[in-house]
Amino acid sequence: MVVYQAPQMDLSNDEVDRIFRALADATRRDIVRRTLTEEASISDLAHRYDMSFAAVQKHITVLEGAGLVTKHRKGRERRIRGNPEALRTAQTLLNAYERIWQGRIDRLDAVLADN
C-alpha cells in the first residue's frame, strides 16, 4: 500500500487559497500568461480587456497578493511581471492532489481485482 505524503511546502492554507482564488478567474490567468512571456505596463494590459483601468488594477492586486505577479516602477510606469516560481508552487500542489487520487484509484482497482 502506497502512503501519501504531502510536499514539504512552507505555505499556509490562506496562501494556498490566495493562489487558487487568483487563478480561478479567466482574466487573471490571462494576465499571468501574458506577463510570463514579457512584462507589461498596467496601461498595456488595460487596453487588452473590455473593462476599466481600475478593474484591471484590481485583478493585478489580487495576483500580486497571491505572489503570481510582481509590480515595479520603470520610469513613470508600473510594470507587471509574472512569477514562474509561484506557478511551480501551484503545480506542485496540484501534483500532490493528483497522487492522492491516483493512489485511491489504484487501491480501488486492487479491491475490484480481488473480487
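In helix 4 of this predicted model, the buried residues are Val 56, His 59, Ile 60 and Leu 63. They share one side of the helix, because the arc they cover around the axis is only 100 degrees. That side packs against helix 1, helix 2, helix 3, strand 2 and strand 3.

Helix 4 itself is 13 residues long. Its first and last C-alpha atoms lie 18 Å apart, close to the 18 Å expected at 1.5 Å a residue. After the helix comes Gly 67, with a positive phi near 80 degrees.

**The core**

Which residues have the most contacts inside the largest nonpolar core? They are Ile 31, Leu 45, Val 56, Ile 60, Leu 63 and Leu 68, in a core of 19 residues. At least two core residues come from each of helix 1, helix 2, helix 3, helix 4 and helix 5. Helix 5 spans 84-114. Val 56, Ile 60 and Leu 63 thus appear both among the buried residues of helix 4 and among those with the most core contacts.

Leu 63 can be followed further. Neighbours within four places in sequence aside, Leu 63 contacts Ala 22, Arg 28, Ile 31, Val 32, Leu 68 and Val 69. Two of these, Ile 31 and Leu 68, are themselves on the list of residues with the most contacts inside the core.

**The sheet**

Three strands make an open, antiparallel sheet in the order 1-3-2. Strand 1 (40-41) and strand 2 (69-74) are the edges, each pairing on one side only. Strand 2 joins strand 3 (residues 77-82) through six antiparallel bridges. Two of the bridge partners are tabulated here.

| Strand 2 residue | Partner in strand 3 |
|---|---|
| Lys 71 | Ile 80 |
| Arg 73 | Arg 78 |

The hairpin of strand 2 and strand 3 has two residues between the strands. Gly 75 takes a positive phi there, near 65 degrees.

**Helices on the sheet**

Which strands does helix 2 lie across? Helix 2 crosses strand 2 and strand 3, and runs at about 95 degrees to strand 3. Helix 4 also packs on the sheet, touching strand 2 and strand 3. The direction of helix 4 makes about 120 degrees with that of strand 2.

Helix 4 therefore ties these themes together: its buried residues lie on the same side, within an arc of only 100 degrees. Those residues meet three helices, helix 1, helix 2 and helix 3, along with strand 2 and strand 3.

Key. Residues are numbered from 1 along each chain as its sequence is written. This is a predicted model: local features need pLDDT of at least 70, side-chain atom pairs count only at pLDDT 80 or more; totals for chains, interfaces and linings use all residues. Side-chain values use heavy atoms; hydrogens and water are left out. A nonpolar core is a set of buried Ala, Val, Leu, Ile, Met, Phe, Trp, Tyr and Cys residues joined through side-chain atoms within 4.5 Å. Buried means under 20% relative accessible area, exposed over 50%, partly exposed in between (1.4 Å probe, protein chains only). Helices (H or I, at least four residues) and strands (E, at least two) are DSSP runs, numbered from the N terminus. Contact means heavy atoms within 4.5 Å. Two strands pair if DSSP finds at least two bridges between them. Axes are lines fitted to C-alpha atoms, for helices over the stretch in contact, and angles run from 0 to 180 degrees between N-to-C directions. The expected span of a helix is 1.5 Å times one less than its number of residues. The arc is that of the directions from the helix axis to the C-beta atoms.
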